[in-house]
Amino acid sequence: MRCLKALRIVIPVVYLLLLPALGRAQVANASLRGTVFDQSSAIVPKASMRLKSLGEGAVLTVTTGSDGGYVLPNLIPGIYELRVSAPGFREYVQSGIKLGIDETAHLDVKLELGTAAQTVEVSASASPLNA
């Protein structure tokens with residue numbers, strides 16, 4: 001009898017302790033990675049990037065590394081807009097970037113010479129490549 005009473009207490013406690021681990025195992029986030037180049041295919045280090053979720057409104061800002069590369073992990077699947085800028089280059093804008101569950105998309109960005117007041121917009125039909 002005592003054994004059954006103990007099990008009635010132990011089993012729910014163990015379940016509650018394991019519940020957070022089970023929830024993490026079901027996370028299905030997306031990620032976006034790539035490199036920022038200029039028109040001559042040279043890397044552009046320290047470019048400013050702004051990724052906005054068009055569904056959620058959340059904004060993530062990062063700076064590319066010294067190799068021009070970037071990784072944006074743990075993104076909620078959905079549709080995004082990416083803005084990239086660097087001194088001496090036109091701002092790059094791409095809307096309609098679709099990221100799916102457990103997807104790692106690859107999107108390289110090519111900046112054009114110009115002033116910050118000029119913008120290069122890429123249509124939604126240009127989707128990222130899956131890595």
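**Exercise 1. Find the residues that Val 36 touches, leaving out those up to four places away in sequence.**

*Solution.* Start at Val 36 in this predicted model and list its contacts beyond four places in sequence.
- Step 1: Among the residues that Val 36 touches are Ala 42, Ile 43, Val 44, Ala 47 and Met 49.
- Step 2: Further along the chain, add Thr 64, Gly 68, Tyr 70, Val 84, Val 109 and Leu 111.
- Step 3: Now place Val 36 in the wider picture. The largest nonpolar core has 22 residues, and Val 36 belongs to the group that touches the most other members, together with Leu 32, Tyr 70, Leu 82, Val 84, Leu 99 and Leu 111.
- Step 4: Ask which strands supply this core. At least two residues come from each of β1 (30-37), β2 (48-53), β4 (69-75), β5 (78-85) and β6 (91-99).

In soluble globular proteins, nonpolar side chains tend to be buried together.

**Exercise 2. Decide whether Ala 47 is buried or exposed, and describe its surroundings.**

*Solution.* Let's locate the residue, then check its accessibility.
- Step 1: Ala 47 sits in the loop between β1 and β2.
- Step 2: Its relative accessibility is 0%, so Ala 47 counts as buried; the cut-off is under 20%.
- Step 3: Leaving out residues up to four places away in sequence, Ala 47 touches Val 36, Val 62, Thr 63, Thr 64, Val 84, Ser 85 and Ala 86.
- Step 4: Take one of these, Val 36: it lies 11 residues from Ala 47 along the chain, and their C-alpha atoms are 7.5 Å apart.

**Exercise 3. Work out how β2 and β3 run relative to each other: parallel or antiparallel?**

*Solution.* Follow the bridges between the two strands.
- Step 1: β2 and β3 (residues 59-63) are joined by 5 bridges and run antiparallel.
- Step 2: For one example, Met 49 has Val 62 in β3 as its bridge partner.
- Step 3: Look at the turn of this hairpin. There are 5 residues between the strands, and Gly 57 takes a positive phi near 85 degrees.

**Exercise 4. Find which side chain makes a polar contact with that of Ser 31.**

*Solution.* Here is a polar residue to explore.
- Step 1: Ser 31 is found in strand β1.
- Step 2: Ser 31 counts as buried because its relative accessibility is 11%.
- Step 3: The side chains of Ser 31 and Thr 104 are joined by a polar contact of 3.2 Å.
- Step 4: Beyond neighbours within four places in sequence, Ser 31 also contacts residues including Leu 72, Pro 73, Leu 75 and Leu 99.

Conventions. Residues numbered from 1 in each chain as written. Predicted model: local features only at pLDDT ≥ 70, side-chain atom pairs only at ≥ 80, totals over all residues. Heavy atoms only, no water. Core = buried A, V, L, I, M, F, W, Y, C linked by side-chain atoms within 4.5 Å. Buried < 20%, exposed > 50% of the residue type's maximum accessible area, 1.4 Å probe, protein only. Helix = DSSP H or I, 4+ residues; strand = E, 2+ residues; numbered from the N terminus. Contact = heavy atoms within 4.5 Å. Pairing = 2+ DSSP bridges. Polar contact = N/O pair within 3.5 Å; in protein donor to acceptor, adjacent residues only side chain to side chain.
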